[in-house]
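Okay, thanks for coming, everyone. I'd like to walk you through how two chains meet, so have a look at the screen.

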Amino acid sequence: MYSVKSNSLNPNPIPKFFVTVLLGFTILHSINHYSEWALIIVISIMYFINGFRKEGIQNIIVFGILFFVPDFTILAKFPLVIKMLLSLLFVVRMFYIPYASGKFLIKTSDVGSIMSSMDFLRIPKAVSIPIAVMFRFFPSFEEERNNIKMAMKIRGIEIKNPLKYLEYIAVPLLIISSNIADDIAKAAETKCIANPIKKTRYITVRVHIIDFIYAFIMTVIVVGGRLCLH
Amino acid sequence: MKENRLKIKDLVTIGVFAVIYFVVMFSVGMIGLIPIMFLVYPTILGIVSGTIVMLFMAKVQKPWALLIFGILTPFFMMVEGHTYMLVLHAFVVMLIAELIRRIGNYNSFKYNMLSFAIFNTWICGSLMQMLWAREKYIEMTMMMGQEYVDALVKLVTYPHMALVYTGAIVGGVIGAFIGKALLKKHFMKAGIV
């Protein structure tokens, strides 16, 4: 999660999410190759105008490599085992376009704006609170896991049996996590999360022209690419 | 009188356990790098994640908790580039699991076990995607040589998928028993459940 200044060039999470779902369709219903490139380039442009240059370039290069992999006929001469491993690349290639747009969503929107867009869409509290907790809990989960590993190293517990190892890691982790869950719940109750009135958020979602432009361009490319195929 | 609606505490628990489940799922998913292992992935996931989900079910014995818990992971996977089909498939699976849990009144081990076995089949959705997108995939792998394509066509079929589903259910049952043993051994003592 990166904190991003709210500006008129960064679409809010709703169109970004819409585009990700839309691009999911391209896995099952293939579209024209030129449109695929157009989608990737639009995402890269969006990265550029928001100041993420590295990600923008990376996006184009990775897709370029994946796009041309099936054209290397020399691969056909490799033994079957290596081919099996290479087939993973094809799977990645199929899923890359929606993945790129999902990555754009995660990189350029912060938790606050995701929360307030969920308010905006009237998503029930039963779903939005767990999602917020997930964002809050991810970093502390990693921290706890590293702590347990370090404690095991200090006491010289060695990993001989993977099943035992799993038990040694999983049990304390689950106990700590369920204690943390209780703590988070208490903290949330103290901040009066159950209050049924409308909440004011630090970041509010505003609708800019860029939202419509982004969603519209992507829709046109996907629909156009689908039609061109026939 | 027992309050039967989901409270803030339960919602937070759902979020925390969803993170654990998500991390475990991804670490187990690393074995998917070897293509054949894809087919046993649901079974292994069931065995490993059994403890987590059983603990979750023991902690939150209320309606709809499992449905929300189960739908969060596919939802995040969709953001990371899977199709909408995965979420729809998961939703149907979770609904069945939730109903089975309801029959057992949310606290019977037998029904929770069955419910987890069904719950565990949601991951098969990601393999089903391959089946639904088969033509595109085969078209891309054409240059790999005919024998490869033939092997693939033979491998990815509906009967094989049924086997994968069975594997997922078996894995779920084993995982549930391991989970029960661990719950007895550690968590009851610690007063977590």
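So, the contact: chain A brings 60 residues to it, and chain B brings 53. Bear in mind that this is a predicted model. Together, the two chains bury about 5300 Å² between them, and 82% of that comes from carbon and sulfur atoms.

What about charges? Across the interface of chain B and chain A, the rule finds two salt bridges. One of the partners to look for is Asp182(A), which pairs with Lys59(B) in a salt bridge; their closest N and O atoms sit 3.9 Å apart. As for polar contacts, the count between the chains is two residue pairs, with both residues at pLDDT 80 or more.

Now, which helices of chain B supply at least two residues each to the side that touches chain A? Going along the chain, they are α1 (8-29), α2 (41-59), α3 (65-79), α4 (84-103), α6 (124-132), α7 (134-141), α8 (146-155) and α9 (158-190). The one that gives the most is α1(B), with 14 residues. Sort that side of chain B by class and you get 37 nonpolar residues, ten polar and six charged.

Last stop, the surface of chain A. There's a nonpolar patch there of about 750 Å², made by Leu9(A), Ile41(A), Ile45(A), Phe48(A), Ile49(A), Ile57(A), Ile60(A), Ile61(A) and Ile65(A). Two elements of chain A, α2 (33-49) and α3 (53-68), are the ones giving two or more residues to the patch. If you want to find Phe48(A) on screen, look in helix α2 of chain A.

Notes:
Residues numbered from 1 in each chain as written. Chains lettered and ligands numbered in written order. Predicted model: local features only at pLDDT ≥ 70, side-chain atom pairs only at ≥ 80, totals over all residues. Heavy atoms only, no water. Contact = heavy atoms within 4.5 Å. Buried area = accessible area lost by both parts, 1.4 Å probe. Salt bridge = Lys/Arg side-chain N within 4 Å of Asp/Glu carboxyl O. Polar contact = N/O pair within 3.5 Å; in protein donor to acceptor, adjacent residues only side chain to side chain. Helix = DSSP H or I, 4+ residues; strand = E, 2+ residues; numbered from the N terminus. Nonpolar A, V, L, I, M, F, W, Y, C, P; charged D, E, K, R; others polar. Patch = residues over 30% accessible without salt bridge, like charges linked within 9 Å, V, L, I, M, F, W, Y side chains within 5 Å. Areas by Shrake-Rupley, 256 points an atom, 1.4 Å probe, with all protein chains shown as cover.
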